Amino acid sequence: MPSTGYVLAIDQGTSSTKAVVVTADGRVRAGASVPLTAESPRPGWVEQDPDRVLASVVEAARATAESVGHPPVALALSSQRESALAWDPHGEPCSPVIGWQDRRTSSRAEELAEDADDVRQRTGLPLDPMFSALKFEWILDRWDADRTRARAGDLRLGTVDSFLMRRLTGTDQIELGNAGRTQVLNIDTAHWDDALCDLFSIPPQSLPPLARSNAAPRLTEEIFPGATGVPVAAVLGDSHAALFAHTARDPEAVKVTYGTGSSIMGLTSGPVEAETGLARTIAWDTGTPARAFEGNILATGATLVWLSSILDRSPVELAALARTVPDSGGVDLVPAFAGLGAPWWDTRAVGLISGFDLGATTAHLARAALESIPLQIEDVLTRADSVAGRRPRVYVDGGPAGNDWLMQRQADLSDRTVVRPASTGLSGIGAAYLAGLTVDLWDEAALRGLAIESDSFDPAPTAADHDRRRQWARALDRSRHDPSGHRQ
């Protein structure tokens with residue numbers, strides 16, 4: 001078993017693919033990042049080119065490995081989760097990657113509304129276009145309407161991790177945690193569910209075999225010198241990988257991942273009631289599935305990207321502008337661009353800007369946009385308290401977590417201590433931690449000693465912060481009413 005060397009961790013995300021080196025002492029050494037773009041050919045549609053996604057993985061991995069000069073002992077992969085695509089028996093894509101943010105199947109979700117309770121019971125997830133099943137159905141309707149190819153095994157459906165594993169290792173598989181986000185997996189049996197396949201018209205033959213998170217197939221592609229034969233020793237969804245990294249320090253961790261959207265997740269062995277607006281999910285499987293609760297917010301970082309395009313200022317400039325005013329001046333921005341996710345799961349909610357008057361400025365609007373992030377997150381954390389008990393500490397990661405002002409606003413508006421690691425790109429690191437365990441680069445005891453350095457933001461809430469949350473609740477209420485004032 002290897003006792004020295006490094007893990008090359010790849011974090012394949014929506015806006016970029018990153019690769020980092022994690023050495024045997026747990027330190028992050030080298031790294032590379034390759035940007036990615038998404039297309040929106042119609043309103044509400046989000047697509048990516050599968051070949052470009054694959055190329056970004058190869059490019060990031062190659063640049064990182066070559067900077068070290070010798071191959072890793074293992075690869076680790078974290079990836080965007082609910083995004084879906086199809087490919088042929090040779091691994092060639094037959095559809096675009098339909099992004100997790102895509103809402104093209106909203107009307108189909110409404111048609112299936114009477115099945116929503118059964119779907120949630122079987123999958124732990126609300127019936128929503130975010131998840132893969134409706135995307136799979138849409139893909140089949142366009143590329144295999146009679147399901148002939150799917151039934152014959154000539155068309156494979158899967159998530160990004162399963163496509164990448166097919167191309168890089170030649171293995172047909174989908175990691176169990178990622179499979180749990182498809183809405184075709186039965187959360188209790190941890191197997192594909194025939195009733196769900198029937199509901200979404202998905203032939204079971206088109207779904208990849210389920211695999212543990214540490215199944216460790218080996219690379220068949222020479223994506224960098226010496227790559228062939230290197231095991232892909234960990235595969236995790238990006239939010240799951242971040243949680244794995246946080247629980248290396250605190251098994252009771254509840255974490256918030258800030259990104260295009262946001263994920264709030266923690267391990268739990270207890271029930272997760274539908275009324276909480278939280279989902280049940282499988283975090284990872286290394287022999288026994290680890291169960292978790294999760295709340296998914298559709299738009300956090302995406303809100304700043306949108307406002308940046310409207311005001312022609314970068315997100316960094318918006319963050320600086322927000323700090324020039326003491327509050328939002330009564331302005332609220334509810335980023336229901338395609339409805340609201342957790343804890344509301346309201347597909348009919350509308351995006352709105354409210355509370356402005358002639359004294360409102362771009363600074364007030366910028367502050368309202370920034371504050372919509374911690375306010376939405378606290379809405380989910382409040383619901384999580386009923387599942388996991390009140391947690392006075394919240395662990396954070398993701399790019400926006402690097403903003404000190406935003407983290408302090410999260411602490412104050414949530415009245416919780418926010419703990420931030422020195423490296424906020426925790427998805428790759430978490431996947432590397434699991435890969436290192438798989439190949440015995442470290443053991444469980446040593447992993448605890450790899451806990452990364454962090455700093456914290458202690459809450460100092462004021463009466464104004466409590467008023468701010470009440471103001472936000474009123475804005476949400478307006479977003480979730482139709483123009484005649486009736487509840488959606």
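1. A salt bridge is taken here as a side-chain nitrogen of Lys or Arg within 4 Å of a carboxyl oxygen of Asp or Glu. On that basis, a search of the whole structure, which is a predicted model, returns 34 salt bridges. The points below take up some of these pairs and then turn to one helix packing.

2. Asp102 and Arg104 are joined through their side chains by a salt bridge, with an N to O distance of 2.9 Å. Both partners are withdrawn from the surface: Asp102 is buried at a relative accessible area of 1%, and Arg104 is buried at 12%.

3. A salt bridge also connects Arg108 with Glu137, whose closest N and O atoms lie 3.0 Å apart. This pair links distant parts of the chain, since Arg108 belongs to helix H2 (residues 106–111) and Glu137 to helix H4 (residues 132–143), a separation of 29 residues. As for accessibility, Arg108 is partly exposed, its relative accessible area being 24%, whereas Glu137 counts as buried at 6%. The cut-off matters for this reading: buried means under 20% relative accessible area, so the value of 24% places Arg108 outside that class.

4. Arg409 and Glu371 form a further salt bridge between their side chains, at 3.1 Å from N to O. Here too, distant parts of the chain are linked: Arg409 lies in helix H13 (residues 404–414) and Glu371 in helix H12 (residues 362–388), 38 residues apart. Arg409 is buried, with a relative accessible area of 8%, and Glu371 is buried as well, at 1%.

5. The pair in point 4 does not stand alone. Arg409 and Glu371 belong to a network of salt bridges that also links Asp332, Arg367, Asp465 and Arg468.

6. Which angle do helices H9 and H14 make where they pack? Helix H9 (residues 238–247) meets helix H14 (residues 426–438) at about 70°, and their axes are 7 Å apart. H9 is therefore roughly perpendicular to H14, as angles of 65 to 115 degrees are classed in this way. The crossing of the two helices is left-handed.

7. On the H9 side, the contact is made by Asp238, Ala241, Ala242, Phe244, Ala245 and His246. H14 contributes Leu426, Ser427, Gly430, Ala431, Tyr433, Leu434 and Leu437. By character, the residues of this contact between H9 and H14 comprise nine nonpolar, three polar and one charged.

Definitions and conventions. Residues are numbered from 1 along each chain as its sequence is written. This is a predicted model: local features need pLDDT of at least 70, side-chain atom pairs count only at pLDDT 80 or more; totals for chains, interfaces and linings use all residues. Side-chain values use heavy atoms; hydrogens and water are left out. Buried means under 20% relative accessible area, exposed over 50%, partly exposed in between (1.4 Å probe, protein chains only). Helices (H or I, at least four residues) and strands (E, at least two) are DSSP runs, numbered from the N terminus. Axes are lines fitted to C-alpha atoms, for helices over the stretch in contact, and angles run from 0 to 180 degrees between N-to-C directions. Angles under 35 degrees count as roughly parallel, over 145 as roughly antiparallel, 65 to 115 as roughly perpendicular and the rest as oblique. A crossing is left-handed if the near helix is turned anticlockwise from the far one by less than a right angle, and right-handed if clockwise. Contact means heavy atoms within 4.5 Å. Ala, Val, Leu, Ile, Met, Phe, Trp, Tyr, Cys and Pro count as nonpolar, Asp, Glu, Lys and Arg as charged, and the others, Gly among them, as polar.
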